[in-house]
Each structure stands twice: as structure tokens, then as C-alpha cells.
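User: I am new to this structure and would like a close look at a single part of it. Please choose one part, explain it step by step, and then say how its surroundings relate to it.

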Amino acid sequence: MSSSCPCGTGKSIDQCCGLYLSGQTYPNNAEALMRSRYSAYITGNIPYLKKTWHPDTCPELTSDDLHTNWLRLDVVRSKKGLKKSVVEFKAWFDEGDSERALHEISLFKLHKKRWVYVGPLDQWP
Ligand SMILES: [Zn+2]
């Protein structure tokens, strides 16, 4: 028995993002990478967030970046490309007496044969 994965696939964490967060394997598409990064925020895995961030855009990350109380993730849509992919998502968080969502259209690129997060886009491409 293990708990269900925070990313919301309905699988257990061991069969889902846990495989990526532990370094056993690497996500082979941008949506799986995006989901695993959400799970990394929840589990406080800063090394994983850095590993999956494009080196050109990766900020200094500290535990101060992990204070948000995330509730759940909705992947709205995703668009796969050979070298670039885009994933639109809503990540819900608790803001005291209400729920709010971080709504982002994220750009991912293939970097050294691995998908990495680049940053948000202004609009769906
Ligand atoms: Zn997962």
C-alpha cells in the first residue's frame, strides 16, 4: 500500500512520479515531467526541480519557494513536439479561506535528450 500520487493520475506514487523523483527513470514526455515537477514541489524535492529546469532559466531555489499549500493539479491540455512541448495546467492551492489556481501555459524543451521546463508562455502557441 502506498499513497496516491499528488499529481492526480490516480496511480500510487511508487508507480507514478516516485519513479522520477527517486531518479530511477526520467520522464519521457513533457506532461509526465510537468506532473513530476508538481509532485516535487509537494514533496519538497529541490534537487529534482533544478534537474528538470532548463539551465538558462533555472532560478536560485530555496525552501522558501516551497511554502505554497498545493491542493491538486489539473492538466488542461498539452501539445507535443519533437523538441518543444507545451502544457497548460491549473495548480490549485489553499489560500486561507479560499482555493485559488496558478494557471500557466508552460514551455518545455528537449535539452541533452531530456525534457526540461523552460518557463511560462503568454498564450497558447
Ligand atoms: Zn504522479
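Analyst: Two strands are said to pair if DSSP finds at least two bridges between them, and that is the term needed to follow the part I have chosen, the sheet. Please keep in mind throughout that this is a predicted model.

The sheet is an open one, made of 4 strands in the order 1-2-3-4, and the pairing is antiparallel. Strand 1, residues 70–79, and strand 4, residues 114–121, each have a single partner strand, so they stand at the edges and one side of each is left without a neighbour in the sheet. From one strand to the next, the twist averages 30°. As general background, strands of a sheet pair through backbone hydrogen bonds, in either a parallel or an antiparallel way.

It helps to walk across the sheet from one edge to the other. Strand 1 and strand 2 run antiparallel and are joined by 8 bridges, while a hairpin of 4 residues connects them along the chain. Two of the pairs can be named: serine 78 has valine 87 of strand 2 as its bridge partner, and lysine 79 is partnered by valine 86, also in strand 2.

The next step leads from strand 2, residues 84–95, to strand 3, residues 98–111, and here the antiparallel pairing extends over 12 bridges. Within this pairing, lysine 90 has histidine 103 of strand 3 as its bridge partner. The hairpin of these strands has 2 residues between them, and in it glycine 96 takes a positive phi near 75°.

The last step, from strand 3 to strand 4, is antiparallel as well and involves 7 bridges, with isoleucine 105 standing opposite leucine 121 of strand 4. The loop between strand 3 and strand 4 deserves some care, since it holds lysine 112 and also lysine 113. Most residues other than glycine have a negative phi. Lysine 112, however, has a positive phi of about 50° although it is not a glycine, and lysine 113 likewise has a positive phi, of about 65°. Lysine 112 counts as exposed because its relative accessible area is 73%, and lysine 113 is exposed too, with a value of 80%.

Beyond that loop, strand 4 contains valine 116, which has a relative accessible area of 3% and therefore counts as buried. Leaving out residues up to four places away in sequence, valine 116 touches several residues, including Leu107, Phe108, Lys109 and His111, together with Tyr26, Leu33 and Trp53. Valine 116 also shows how the fold brings distant positions into one region, for its C-alpha atom lies 8.9 Å from that of proline 55, although 61 residues separate the two in sequence.

What lies across the sheet? Helix 2, residues 30–43, lies across strand 1, strand 2, strand 3 and strand 4, and runs at about 165° to strand 1. In the loop between helix 2 and helix 3, the latter covering residues 46–51, one finds asparagine 45. With a relative accessible area of 18%, asparagine 45 falls under the 20% limit and so counts as buried. Apart from its neighbours within four places in sequence, asparagine 45 is in contact with Leu21 and Ala40.

A record gives a wider frame for this part: an unreviewed UniProt entry places the feature "domain: YchJ-like middle NTF2-like" at residues 29–118. In the model, that span is 22% helix and 46% strand, and its end C-alpha atoms lie 14 Å apart.

Earlier in the chain there is a zinc ion, whose protein donors are the SG atoms of Cys5, Cys7, Cys16 and Cys17, lying 2.3 Å from the ion. Along the chain these donors follow the spacing C-x1-C-x8-C-C. Because the 4 donor atoms subtend angles of 103 to 117° around the zinc ion, the arrangement is tetrahedral. For four tetrahedral donors, the ideal angle at a metal is 109.5 degrees. Of the donor residues, cysteine 7 and cysteine 16 are buried.

Terms used
Residues numbered from 1 in each chain as written. Predicted model: local features only at pLDDT ≥ 70, side-chain atom pairs only at ≥ 80, totals over all residues. Heavy atoms only, no water. Axes fitted to C-alpha atoms, helices over the stretch in contact; angles between N-to-C directions. Contact = heavy atoms within 4.5 Å. UniProt positions renumbered as here; feature names shortened; annotations may be inferred. Donors = N, O, S within 2.8 Å, 3.2 Å for Na, K, Ca; no water. Tetrahedral: all angles 85-135°; square planar, octahedral: opposite > 155°, others 65-115°. Buried < 20%, exposed > 50% of the residue type's maximum accessible area, 1.4 Å probe, protein only.
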